[in-house]
Amino acid sequence: MRSTTLLALLALVLLYLVSGALVFRALEQPHEQQAQRELGEVREKFLRAHPCVSDQELGLLIKEVADALGGGADPETNSTSNSSHSAWDLGSAFFFSGTIITTIGYGNVALRTDAGRLFCIFYALVGIPLFGILLAGVGDRLGSSLRRGIGHIEAIFLKWHVPPELVRVLSAMLFLLIGCLLFVLTPTFVFCYMEDWSKLEAIYFVIVTLTTVGFGDYVAGADPRQDSPAYQPLVWFWILLGLAYFASVLTTIGNWLRVVSRRTRAEMGGLTAQAASWTGTVTARVTQRAGPAAPPPEKERPLLPPPPCPAQPLGRPRSPSPPKKAQPPSPPTASALDYPSENLAFIDESSDTQSERGCPLPRAPRGRRRPNPPRKPVRPRGPGRPRDKDVPV
């Protein structure tokens with residue numbers, strides 16, 4: 001992640017925290033002040049009703065009661081009652097151990113002994129990674145099962161000729177709806193019935209638990225009236241499945257964002273390349289229009305094979321060749337070049353080869369060279385033979 005992106009994300013999180021702090025302060029601070037005023041009124045009323053109790057003694061009593069409640073004591077239970085409720089029975093201890101490894105930590109029950117705190121340190125260090133591995137496996141299986149079931153529904157939609165893009169959207173919505181129905185709405189109604197909570201309180205507990213926030217103001221099974229030893233262990237298994245579902249949802253969202261990011265980068269790369277190509281084309285056209293007009297290209301002329309270099313040196317006269325018989329002209333396409341010291345074959349050499357051999361490059365004629373017509377041998381005139389006037393020479 002780039003530094004600028006990291007700083008922007010940090011600024012966004014800080015802004016989100018500040019906005020949340022302002023909202024919670026505006027909503028909760030008046031209620032806190034009202035509760036503090038009511039506590040002061042009750043305290044003064046108690047002191048007026050019991051003048052033998054001093055203010056300091058009452059303060060110490062309130063502090064001890066608060067500590068006892070934090071340790072799991074029940075204020076409705078006294079020494080004369082025969083209540084068997086304990087915050088550390090097997091079911092409650094199992095639930096407390098589950099809140100440690102799930103990192104929920106409600107806080108309604110806390111450890112009070114040094115030995116218990118020391119054991120909790122090592123227990124959490126081993127249990128949290130172990131639970132993470134279990135959560136990943138359960139989330140994979142749960143997500144696969146839900147996607148397999150949704151796949152059958154997608155096949156039905158495709159048989160009805162529904163567009164694939166719409167099918168993907170519907171499948172994602174079904175995945176969310178089924179998970180919310182199984183792990184959010186159904187437990188909400190169960191807790192409303194078992195804990196005698198309102199619907200808002202029940203769904204508040206469900207969301208706070210499955211997001212591992214765990215404030216501890218509402219805890220399933222903390223009521224002493226819940227005397228079933230299997231109630232809180234069942235609640236923990238619900239927490240396991242709910243966390244696995246939420247982990248699967250978060251993984252799906254992360255994969256989707258990763259795919260969208262890759263596609264966006266690929267599209268931006270393609271647009272950048274197209275923009276660069278378009279800019280280069282426009283620049284080249286503007287440069288051609290602004291510069292001098294280029295001369296039109298000359299028409300290519302067919303190049304004939306150049307004549308070979310003469311075998312004799314340049315200062316020496318060429319010996320006369322003996323007369324040859326007249327031959328009929330050959331067709332232009334198969335004309336041989338009749339040069340001295342050659343064997344009447346086509347010369348297929350380039351001008352570069354002739355230059356390397358030190359020969360002057362001949363100028364290419366406009367048309368195809370035709371063979372020279374044969375010359376008639378000149379008959380010598382004798383002194384006694386007159387020339388006829390009608391016969392051409």
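**Close-up 1. Asp114 and Arg117 form a salt bridge, with their closest N and O atoms 3.8 Å apart.** This view, like the others here, comes from a predicted model. Both residues belong to helix α4, and because they are three residues apart there, about one helical turn separates them. How exposed are the two partners? Asp114 counts as exposed, at 61% relative accessibility, while Arg117 is partly exposed, with a relative accessible area of 41%. The distance of 3.8 Å falls within the 4 Å allowed between a side-chain nitrogen of Lys or Arg and a carboxyl oxygen of Asp or Glu, so the pair qualifies as a salt bridge.

**Close-up 2. A salt bridge joins the side chains of Asp55 and Arg43, at 2.6 Å from N to O.** Asp55 is in helix α2 (residues 55–70) and Arg43 is in helix α1 (residues 3–49), so this pair ties together parts that are twelve residues apart in sequence. Asp55 is partly exposed, its relative accessible area being 42%. Arg43 is partly exposed too, with a value of 32%. As a general reminder, side chains of opposite charge can pair when their charged atoms come close. The count of salt bridges in the model comes to two.

**Close-up 3. Thr102 sits in the loop between α3 (90–101) and α4 (114–159).** Is this loop residue buried or exposed? Thr102 counts as buried, because its relative accessibility is 4% and the limit for buried is under 20%. A polar atom of the Thr102 side chain lies 3.5 Å from the backbone oxygen of Thr99. Which residues does Thr102 touch once neighbours within four places in sequence are left aside? The contacts are with Phe131, Thr212, Trp236 and Leu243.

**Close-up 4. Residues 1–20 carry the UniProt annotation "signal peptide", from an unreviewed entry.** In the model, this stretch is 90% helix and 0% strand. The C-alpha atoms at its two ends are 26 Å apart.

**Close-up 5. Two of the stretches that UniProt lists as "transmembrane region" are residues 118–138 and 234–257.** The annotation, again from an unreviewed entry, also places this feature at residues 90–111, 169–190 and 202–222. Over residues 118–138 the model is 100% helix and 0% strand, and the end C-alpha atoms are 30 Å apart. Residues 234–257 are likewise 100% helix and 0% strand, with 35 Å between the end C-alpha atoms.

Key: Residues are numbered from 1 along each chain as its sequence is written. This is a predicted model: local features need pLDDT of at least 70, side-chain atom pairs count only at pLDDT 80 or more; totals for chains, interfaces and linings use all residues. Side-chain values use heavy atoms; hydrogens and water are left out. UniProt positions are given in the numbering used here, feature names are shortened, and annotations may be inferred rather than shown by experiment. Helices (H or I, at least four residues) and strands (E, at least two) are DSSP runs, numbered from the N terminus. Buried means under 20% relative accessible area, exposed over 50%, partly exposed in between (1.4 Å probe, protein chains only). A polar contact is a pair of N or O atoms within 3.5 Å; within protein, one must be able to donate a hydrogen and the other to accept it, and residues adjacent in sequence count only if both atoms are side-chain atoms. Contact means heavy atoms within 4.5 Å.
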